[in-house]
Amino acid sequence: MGKPEVEAKSTVSYSPFAIWFRKRGKRLLSPHFVLGVILLVILAYLVVAPLITLVRTTATWQPTDTRIRNENVVVGQLTTYHWQRILGSNLSKAALWDPLLNTLTVAAGTVVLVTVIGSLLAWLVTRTDLPMRKFISNLAVLPYILPSWTIALAWVQVFQNSKSYMPRGFLEYFTGITVPEWLVFGPVPIIIAMGLHYYPFAFLLISGALSSIDSQLEESGEVLGASRLKILRRITFPIVLPALTSAVLLAFARSIGTFGTPAILGLPARYTLISTQIYSFLGTGRDSQGYILAIILMFMSFVGLGLNYRLIGSRKSFTTIGGKGSKHSPVKLGKWKIPITIIVLVFLVVVAIFPLVLIGWSSVMLNMGDFSLSNFSLQYWIGESSRAYADGAPGVLRHAEVLGALKNSVSLAVIGGILTGLVGMAIGYVVVKERGKWLSQSLEQLSFVPMLIPSIVFGSIYLALFSKANWFIPSLYGTFALLIVVTIGKQLPYTARSGVSSMLQVSGDLEEAAIIQGVPWGKRFLRIMFPLTKNGFIAGALIVLITTMRELSLYILLATPANRVLTSITYRFIEEGNKQITYAITILLILTVLILTAAVNKWQKTDLASGIGGK
């Protein structure tokens, strides 16, 4: 018997690509990676492509430019004409510098008002023995639930007077007092109206920070002989600094991009902000110049973010919660408890309740300027068409355009909320599965960018991209689909963050067990991941739903007569001067928003001020 033959070992050489693919192929072909790449492409089209289109439009000749300059205009050719016209022509002062100065003035005033009101209310609710703190907390956030222009409409109805050639307002009718026009229209009322609308930002953020402070830190300062001012400056203020700067940033970003309030309170006095100037440019066919202002407004928002990052990023830690437990000793208001409570309640009623009552009252006034009961009428609600009232428009509940806009608003809010919620959950799933890798970081950062872009700028970006066919996407301008797409793009930061938070709570062992059992990815996601994170999906989708219902700045440039929503048709009636119809539509919109908000609270068993205040 011979010796067994020794089999020769075969040596197979693999290419570098084959070796790399064997190491990385499993991940590259995994469902979550493929889904992540698809989402990255979608986000690139929703966020990056519009920005590129916006910049390109400002640097090229457009078809509408032939009406401005007939000579040397080649559509699509590079030009610096638009930038020169905005930055260095005899029109620059009126087109840019005056609106920019006005915008910064209004933003600064709004930030101060937001910070003062929000901080003071937050301190009273979280750090003192103020009674009715839970009720006060819920009432304090009501102004932000309402459309941004609600306080502006109420402001005009209170202070307008015959001295400014307008019907008598609430103040003049009942007291005979006529205020100067600068208190009716211009920067002062704009700052006050926006400050009263946006102070809930500071209230909610600072309340959360103050409620986490261990009162023993402040008491230790007192024991060591530090004064109240020094304790506030060296202990309390540094701890709440992140929340305070975030509130300042949010107030600044929202105020520079808000359209409704500056349009209502500024344009009658020819007080123009960047947001209203953008609307004017785009409405008169000067798109490229409007987009330049949009870029400037967006740059201002990013500068605010950078300052916020530098201020907070230089701090190593803001830790206030440790493992030893904490103590919360409320400050005793003593003899001032009742007076302060009354002042707070009166303020909140005037800010949150009175505007609704006044607008509702005004919607049933047959003739403006007469607040008597004899002037009561439901003409603007259920009345038939009559040339004597509202230029022949029927009541809002009979008005086909208004009812169509209501249907569009609800449909947009529901569809947009569901789709944005689904995309946000998908992003959350990929971010968690790819945690620490480039795909996860790219998705998180791209999904957050729309939060930094003012709404009217975001709308103008989508107008630039979708006003004509691009690649395989047809022109969407004038379609309901464009409103859905811009809703998803703008509101995605909310649902993406909700999706990430929800997915982080689910252990990866659950999905791994299903993989061992051979369960396909689609079934794993639908049967395991989604049911366990559906509360996050519902919360994110309903936030989008409520926000969409009251959004004006985002849709004012995109809504057309064929696809109007309630907010855009409201502004149309404002421009036409049909005030009672405007008030009636506003109340209809507010009721819808409040019903949806109540449904959210009941469904989720929470409220916007949950966790703030005491019992």
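**Cavities and a nonpolar patch**

The second largest cavity has a volume of about 40 Å³. It belongs to a predicted model. The structure holds two cavities of 30 Å³ or more. The largest cavity contains about 370 Å³ of space. A nonpolar surface patch and a buried leucine complete this briefing.

**The second largest cavity**

- Eight names make up this lining: S409, L412, T548, M549, E551, Y555, V565 and T567.
- Two helices, α18 (400-433) and α23 (521-549), each supply at least two residues of the lining of this second largest cavity.
- Sorted by class, the lining of the second largest cavity has four nonpolar residues, three polar and one charged.

**The largest cavity**

- The lining of the largest cavity consists of 23 residues.
- Which residues lie nearest the centre of the largest cavity? They are Y144, Y198, R254, S455 and E551.
- E551 is named for the largest cavity, and E551 also lines the second largest cavity.
- Four helices each give at least two residues to the lining of the largest cavity: α10 (187-211), α12 (228-257), α19 (438-452) and α21 (480-504).
- Which helix gives the largest share of this lining? Helix α12 does, with four residues.
- By class, eleven residues of the lining of the largest cavity are nonpolar, eight are polar and four are charged.

**The nonpolar surface patch**

- V410, V414, I415, I418, L419 and L422 make a nonpolar surface patch.
- The area of this patch is about 420 Å².
- L422, one of the patch residues, sits in helix α18.
- Helix α18 also supplies at least two residues of the lining of the second largest cavity.
- Is L422 buried, partly exposed or exposed? L422 counts as partly exposed, because its relative accessibility is 40% and the partly exposed class lies between under 20% for buried and over 50% for exposed.

**A buried leucine**

- L348 is part of helix α16, which covers residues 337-363.
- The relative accessible area of L348 is 0%. Buried means under 20%, so L348 is buried.
- L348 and A140 are 208 residues apart in sequence. In space, their C-alpha atoms are 6.4 Å apart.

Definitions and conventions:
Residues numbered from 1 in each chain as written. Predicted model: local features only at pLDDT ≥ 70, side-chain atom pairs only at ≥ 80, totals over all residues. Heavy atoms only, no water. 1 Å grid on protein atoms, 1.4 Å probe; cavity = no way out; pocket = protein on both sides within 12 Å on 5 of 7 lines; lining within 4 Å. Points joined across faces, edges and corners; volume = space filled by probe spheres on them. Nonpolar A, V, L, I, M, F, W, Y, C, P; charged D, E, K, R; others polar. Patch = residues over 30% accessible without salt bridge, like charges linked within 9 Å, V, L, I, M, F, W, Y side chains within 5 Å. Areas by Shrake-Rupley, 256 points an atom, 1.4 Å probe, with all protein chains shown as cover. Salt bridge = Lys/Arg side-chain N within 4 Å of Asp/Glu carboxyl O. Buried < 20%, exposed > 50% of the residue type's maximum accessible area, 1.4 Å probe, protein only.
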